[in-house]
Structures are given as C-alpha cells and as structure tokens.
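Me: I'd like to learn how to read a structure like this one. Could you walk me through it?

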Amino acid sequence: MAVFTHPDRHRVAVLVRHGMLPFELGMAHRLFGRAVSASGEPLYEVVTCALVPGEVRTDSDVSVNVAHGPEALPEADTVIVPAANEKDEPQTEGRLGPALADAFARIRRPGTRIASICTGAFVLAAAGLLDGRRATTHWQAADQFRALYPSVELDPDVLYADEGDVLTSAGDASGIDLLLHLIRLDHGSAVAGEVARGAVVAPHRDGGQAQFIRRPVPAPHGSSTREARAWALTRLDRPLTLAELAAHESMSVRTFSRRFREEVGMTPVRWLTQRRVERACQLLEETDLPVDQVAAEAGFGTAASLRMHLRDALGVSPSAYRCTFRGE
C-alpha cells in the first residue's frame, strides 16, 4: 500500500530517530504544510517515518507515535533528516548502523533530494553523500564532525549549504532557513515569502551561524552596522563602495568591515552580492523586464555580470531561472 496519497504533490518524508527534537519535526510539517498554489491547493504532502514504526522517543518528556517505517522512503521526492540527541553510530563511529543503512538503501538515487537539519548532517556524511562536498552542521559539533568525516568540506559559518541534491543546515532554527530555501527553489520566492509570513519568520536571514558563536562583545559605541545595511537595501541599483557604507556609520573602513563580519557573519561585499542576487531573482519572477534591465535594477550593471553571479549562486542563467519559476 502506498504511503503517500497525493501523487500530484511533492512528497516529503521526514526520517526521525530516537532522541529527535520535536521542534525540527514540527517545522517540516508546518512550513511545507503552509505552501499552497495560487488557487489554494497544497503543494507538498509530508509524511513522518521511523526506522521502525511505533513510539519514537524525543529529547523531551513526550514521545511521538510514528505510523510509517522506511517503506515511505522510496516514494519520497525529498527526504529530511533531523537531528537526534541520542548518540548513534554516525556521531560516534563515523558510520551508519544497520537500520539506518537499510533505510538509506531504500532512497531512490539519483532522483531524491536529501536534506539534514543540525547534526542530521552526521547521518548524510556517514552515508557517503557529502564526500568531497560542501556541508555544514551546528558550530558546536564542527570539530567532532571534522574528525569523523575529513573528506567533507565543512563550512561551520553558514546557515545552510546547498549542493543540489544534498543540502545541510546548521543549528535547529537554521532548519527553517533551509526549508524556506527548498520551498523557494521549488515554487519561487512569492510562495516561500507567504509561508514565512504565515509562520512569522524572516523569509531570509542575513549572514550565517558565525554571528551566533560566542565571542568577546565589541565595544558598545557605534557597534551596529544595521543602519548601513538598511540604507544599502534601498540603493541596490547604484554602485556602492565600502567607504560609503562605513561613512554611513561614521566608521573607518577597517572598523566597519570588522564589525560587519562580527554581526552578519560575512564580508560587506559578499552580503551586497547576495542581496543583489535576491533582488534579481524577484524581478525575474515578478516582472517582464528584459535581462539587461533586471541586471541594472539589481545593481549588476550588465546582463553578463548578472549571468555570472546568478550562475555562481544558483547554477542557472537568468532566462532559465525565469522559465523555471514562471513556466515560460
């Protein structure tokens, strides 16, 4: 008997283990469940599955009764692997246990997108899905991850890492960023934005988890770069220099650059490029502007520059992106 009952929807299987975090399971159902078409039809069907159907312990004083086992995995278009606070082989020995290995053998490869939340990345690494690829996990687990999986290109500073068919996110709440990213990839920024508004979360957070790592607190005087970021967002179509941004906060370029990285988790130039890519994507999705005008309004100047940056960020050309999200 089929586990999924709506073949016209994108099928998501959330694979949980003992020690699961209810928050991470709930976010998958909540966010994917809020994604609807223009006519109000649900775009996803989400099913929870376990290595063995039945009661699954959480990291709190409640358990979850999971009706489905790994038989749900071959039918899934996307598999989500949340974290688990009960240590198992991926986190202690660098390998999959027999039950997990059997579950992963059932996933259609290629053809299924697999994503992890927080230390769920250990499972993907143990399955060999991250070898030679960029990935992330919770910054507190970074040293342990590197020791167990040296062949993975770990980036502990970002909120999530997208390698196409395999994606990883950092700490618990970074799973929200990743799931919104998946919805944005599947159905565009308008749908993802509505999901974010309904859940009362930001559709896109600046920076990475580097901003959450405990560090000495900067001097309080003039320590924020928030006003410069807000100012820049209203001027993305214009050339913006680091000196202008620093002057807006009455700082030297060196001080501004250091504090920007402390607060946002990336350099000002990288942050500006990301915001311009997002603006270009919005214009490609929501307007009929020619590509050269999209490039100008997003601050890239030329269509060639836009093509280069969009391909670097998303792996597609502007015309291919527009075709994907507008069906043209």
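Me: What are the helix and strand shares of residues 226–324?
Reply: Helices (H or I, at least four residues) and strands (E, at least two) are DSSP runs, numbered from the N terminus. Residues 226–324 are 74% helix and 0% strand, and their end C-alpha atoms lie 34 Å apart. UniProt, in an unreviewed entry, places the feature "domain: HTH araC/xylS-type" at 226–324; its positions are given in the numbering used here, feature names are shortened, and annotations may be inferred rather than shown by experiment.

Me: Before we go on, what kind of model is this?
Reply: This is a predicted model: local features need pLDDT of at least 70, side-chain atom pairs count only at pLDDT 80 or more, and totals for chains, interfaces and linings use all residues. Residues are numbered from 1 along each chain as its sequence is written, and side-chain values use heavy atoms, with hydrogens and water left out.

Me: Into which domains is the protein chain divided?
Reply: Domain bounds come from an automatic or database domain assignment. Here they give domain 1 (10–199) and domain 2 (218–327), with 29 Å between their centres, taken over C-alpha atoms.

Me: How much area do domain 1 and domain 2 bury between them?
Reply: The size of an interface is often given as the accessible area lost when the parts come together. Buried area is that loss (1.4 Å probe), summed over both parts. Domain 1 and domain 2 bury about 440 Å², 45% of it on carbon and sulfur atoms. Helix H6 (174–187) and helix H7 (189–199) each supply at least two residues of the domain 1 side, and H6 gives the most, with four residues.

Me: How many residues are in contact across the two domains?
Reply: Contact means heavy atoms within 4.5 Å. Nine residues of domain 1 touch four residues of domain 2 in this way.

Me: Which peptide bond is cis?
Reply: Most residues other than glycine have a negative phi, and most peptide bonds are trans. The bond joining Arg109 and Pro110 is cis, with omega about -5°. Pro110 sits in the loop between helix H3 (98–105) and strand S6 (113–116). Cys118 has a positive phi, near 55°, and lies in the loop between S6 and helix H4 (121–126).

Notes:
Buried area is the accessible area (1.4 Å probe) that two parts lose on being put together, summed over both.
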